[in-house]
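Here's a quick tour of one model, written for someone who likes to poke at the atoms. Have a look at the structure first.

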Amino acid sequence: MTTNSASASYEGLGKDGKGHVATKSGALDAPYGFNTRFEDDPGTNPEEQIAAAHASCFTMATSFALAKEGFTDGRLDTDCTVTLEKDGDGFTVTKSALVLKAKVPGLSQDQFETITDGSKAGCPISKLLKCEITLERTLES
């Protein structure tokens, strides 16, 4: 078992408030708030952090699945876009869209699809999310 942690604070309330989020490792130490979430102010937001977590988790899961199948070389690049939609008086994360570009010598399209489908379903962040998860993939030769 492993545990990881982060903390968040928010000073002021509503749109006028300003937040700060940080991870225990120090990898993330950034401001957040209404303006970083819904406008273009510098900083982060929860959906961006979910997208980063999902992209990195899925990519690592795919890497390990490929290694388990005997592949020893390659490159995986994943983008993830998380959609936040208005839902009544609040908001709901409705989709996490993964887009993978892979270059793995000797990997067939069928193997690629089987392995990445398993990674999409099995990565811990995919299991955590209760929204539509899509996957577009390109295997480069």
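What follows covers the cysteines, a histidine and the nonpolar core of this predicted model.

## Two cysteines, no bond

How many disulfides does the count come to? The tally is 0 disulfides. Cys57 isn't in one, and its nearest cysteine sulfur, on Cys123, sits 3.2 Å away. Seen from the other side, Cys123 is in no disulfide either, with the sulfur of Cys57 as its nearest at 3.2 Å. A disulfide here needs the two sulfurs within 2.5 Å, so this pair doesn't make the cut.

Are these two cysteines buried or exposed? Cys57 has 16% relative accessibility, so it counts as buried. Cys123 is at 1% and therefore counts as buried too.

## His54 and its contacts

His54 belongs to helix 2, which spans residues 46-68. Its relative accessibility is 0%, so His54 counts as buried.

Which residues does His54 touch, once those up to four places away in sequence are set aside? The list runs Cys80, Ser96, Leu98, Cys123, Ile125, Ser126, Leu129 and Ile133. One of them, Cys123, is the cysteine discussed above.

## The nonpolar core

The largest nonpolar core holds 21 residues, and Leu66, Leu100 and Leu107 have the most contacts inside it. At least two residues apiece come from helix 2, strand 4 (75-87), strand 5 (90-103), helix 3 (109-122) and strand 6 (132-139). Helix 2 gives the largest share, 5 residues.

Take Leu107: ignoring neighbours within four places in sequence, its contacts are Leu66, Phe71, Phe112, Ile115 and Leu139.

Conventions:
Residues are numbered from 1 along each chain as its sequence is written. This is a predicted model: local features need pLDDT of at least 70, side-chain atom pairs count only at pLDDT 80 or more; totals for chains, interfaces and linings use all residues. Side-chain values use heavy atoms; hydrogens and water are left out. Buried means under 20% relative accessible area, exposed over 50%, partly exposed in between (1.4 Å probe, protein chains only). Helices (H or I, at least four residues) and strands (E, at least two) are DSSP runs, numbered from the N terminus. Contact means heavy atoms within 4.5 Å. A nonpolar core is a set of buried Ala, Val, Leu, Ile, Met, Phe, Trp, Tyr and Cys residues joined through side-chain atoms within 4.5 Å.
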